[in-house]
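Here's a quick briefing for anyone meeting this structure for the first time. Have a look at the sequence and the model, then read on.

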Amino acid sequence: MSGTLTLPNADGVVNAAATVEPQSMDIVELPKNNGFWQCLFNWTSSSPTMLRAVEKKILSYLKLPYRGYFVDIGPAVGDTDKIWTVSMNTDSKEVPLVLLHGLGAGVALWVMNLDSFAKDRPVHAMDVLGFGRSSRPAFGKDALVCEKQFVKSVEEWRREMNINDMILLGHSMGGFIASSYALSYPERVRHLILADPWGFPEKPPDSQTTKQIPLWLRAIARVLTPLNPLWALRAAGPFGQWVVQKTRPDIMRKFQSTIEEDINLLPQYIHQCNAQQPSGESAFHSMMQSFGWAKHPMIHRIKDVRSDIPITFIYGSRSWIDSSSGEKIKSQRDTNMVDIKIVTGAGHHVYADKPDVFNRYVNETCDIYKLSGGHLPSPKPARSSSPSVHIIREATESDDEHELPNLNTAESVEIKAEAPEGATTTTTVHRSEEETPVTPTVQLADGKRK
């Protein structure tokens, strides 16, 4: 497998002679505002086409086949919103697992988790509305309005996907959205998995947080407060990728074992995800009270999640997220339907710091339903009033199965097979419209016949 990324030339056309792997022609949405944002694209060296290309390169490291497509959710926030979705093992009849990423991320950052998750169940990872390759509409300015808009986009996506109920996994900001969704649509959530969720604890009084901060630093922080969290990356323009590389070298190290041939794909992907119109980021800014806290903390509300919906918290032991929120929620719900797992040595990006451990615990949670015929076993009486905390030290996962998707259900399917000497190739299989009608609300990739 080559680590070279194929990008379009100045005319926006991919040079086929320089392409190592066949590229499917996914539908690319350009922003409607071609004035200011078009100038910003020119400055930041970003475009939806470049984002698509680098995402495909990262996902080429997956072992199991996947399918990427836009799901048209209609006027959820904007006029015509679309959610970019990556699905795997959709033929499985098990309860589907749905993934919501955190701030500034996208579906490709699940690259070390998707194969393991999809071995035994359907998996759907989405670019949250306003992020990644999904539409970037103008959200409201009020914190609760933005929260409800995120929740509405997830629900409209679920309807179009025809998913009855799901295991919902959210990381960081995605955990906040997933929790709010479970409050609004409890009948659609079989289990709630919250990986280092943001926005749960209440912000401490300013007197406790500012005493040790110099006055000049507090003044700078106050000036920068109106700006979106990732404004510096866009301000760096064409040097945005370099900024990611220099300020977050840890991100590159996390994925090095998987994307070993071209680790620079990760900072390029993060740059491309966040150098475009900061739609979802602006909504996050509206919901936050300083970066680490939410204006409407979930700690006061999640106790109202329907009592028969289990909640699993997965925290990194070295994360800046306060794990005590999970313990408080367990005591609030007064039941053992809340489980808390702490992964030793992992930080905030627990899914990438210790992917084998994280995958193991997510799969064990999902397997509860598989082993019990689709229903959670009756809860056992709590053995003590102290919170249940599991310290995870090691785990291994094996991804030996290679299954092909059902070719009768897709217009365009990306199939990845192992070639001689360990090389990986990608083949796109197409079906004619006469053979397989396409649902109008889902825009699939329509690559050229190989």
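**A first look around**

Let's start with one residue: aspartate 120 is partly exposed, its relative accessible area being 29%. Keep in mind that this is a predicted model. The protein has 450 residues, and 53% of them count as buried. Its secondary structure comes to 15 helices and 12 strands.

**Salt bridges**

- Aspartate 120 pairs up with lysine 370 in a salt bridge, and their closest N and O atoms are 3.7 Å apart. Lysine 370 belongs to helix α15 (residues 355–371) while aspartate 120 sits in the loop between α3 (114–118) and β4, so the pair ties together parts that are 250 residues apart in sequence.
- Lysine 370 is partly exposed too, at 37% relative accessible area.
- Another salt bridge brings together lysine 254 and aspartate 353, at 2.4 Å from N to O. This pair also links distant parts of the chain, with lysine 254 in helix α10 and aspartate 353 in helix α14 (residues 350–353), 99 residues apart.
- Lysine 254 is buried because its relative accessible area is 16%, under the 20% cut-off. Aspartate 353, at 22%, counts as partly exposed.
- Aspartate 308 and arginine 306 have side chains that meet in a salt bridge at 2.8 Å, N to O. Aspartate 308 is partly exposed at 44% relative accessible area, and arginine 306 is partly exposed at 38%.
- There's also a network of salt bridges linking Glu155, Glu156, Arg158 and Arg159.
- The full count is 12 salt bridges.

**A buried strand and its partners**

- Strand β2 (residues 81–88) has eight of its eight residues buried, so the rest of the structure largely encloses it.
- Both faces of β2 are covered: one side carries the buried residues Asp81, Ile83, Thr85 and Ser87, and the other carries Lys82, Trp84, Val86 and Met88, also buried.
- Strand β1 (residues 67–74) runs antiparallel to β2, with seven bridges between them. A hairpin of six residues makes the connection from β1 to β2, and tyrosine 69 stands opposite threonine 85 in β2.
- β2 also pairs with β4, again antiparallel, through four bridges. Here valine 86 faces alanine 125 in β4.

**A buried acid without a salt bridge**

- Aspartate 127 is found in the loop between β4 (123–126) and α4 (143–161).
- Which side chain of opposite charge is nearest to aspartate 127? That's arginine 133, 5.8 Å away, and aspartate 127 is buried yet has no salt bridge.
- The backbone of arginine 133 does better: its nitrogen lies 2.8 Å from a polar atom of the aspartate 127 side chain.
- Beyond its sequence neighbours within four places, aspartate 127 touches several residues, including Glu55, Ile83, Trp84, His101 and Tyr269.

**Helix α11 and the loop before it**

- In α11, 10 of the 10 residues are buried, so the helix is largely enclosed by the rest of the structure. Among them are Leu265, Tyr269 and Cys273.
- Asparagine 264 lies in the loop between α10 (249–254) and α11 (265–274), and it is partly exposed at 32% relative accessible area.
- Asparagine 264 and methionine 252 are 12 residues apart in sequence, with their C-alpha atoms 7.3 Å apart.

**The overall picture**

- Of the contacts between residues at least 6 apart in sequence, 76% join residues at least 24 apart.
- About 20,700 Å² of the protein is exposed, and carbon and sulfur atoms supply 52% of that area.

Methods
Residues numbered from 1 in each chain as written. Predicted model: local features only at pLDDT ≥ 70, side-chain atom pairs only at ≥ 80, totals over all residues. Heavy atoms only, no water. Helix = DSSP H or I, 4+ residues; strand = E, 2+ residues; numbered from the N terminus. Buried < 20%, exposed > 50% of the residue type's maximum accessible area, 1.4 Å probe, protein only. Contact = heavy atoms within 4.5 Å. Areas by Shrake-Rupley, 256 points an atom, 1.4 Å probe, with all protein chains shown as cover. Lys, Arg positive; Asp, Glu negative; His and termini not counted. Salt bridge = Lys/Arg side-chain N within 4 Å of Asp/Glu carboxyl O. Polar contact = N/O pair within 3.5 Å; in protein donor to acceptor, adjacent residues only side chain to side chain. Pairing = 2+ DSSP bridges.
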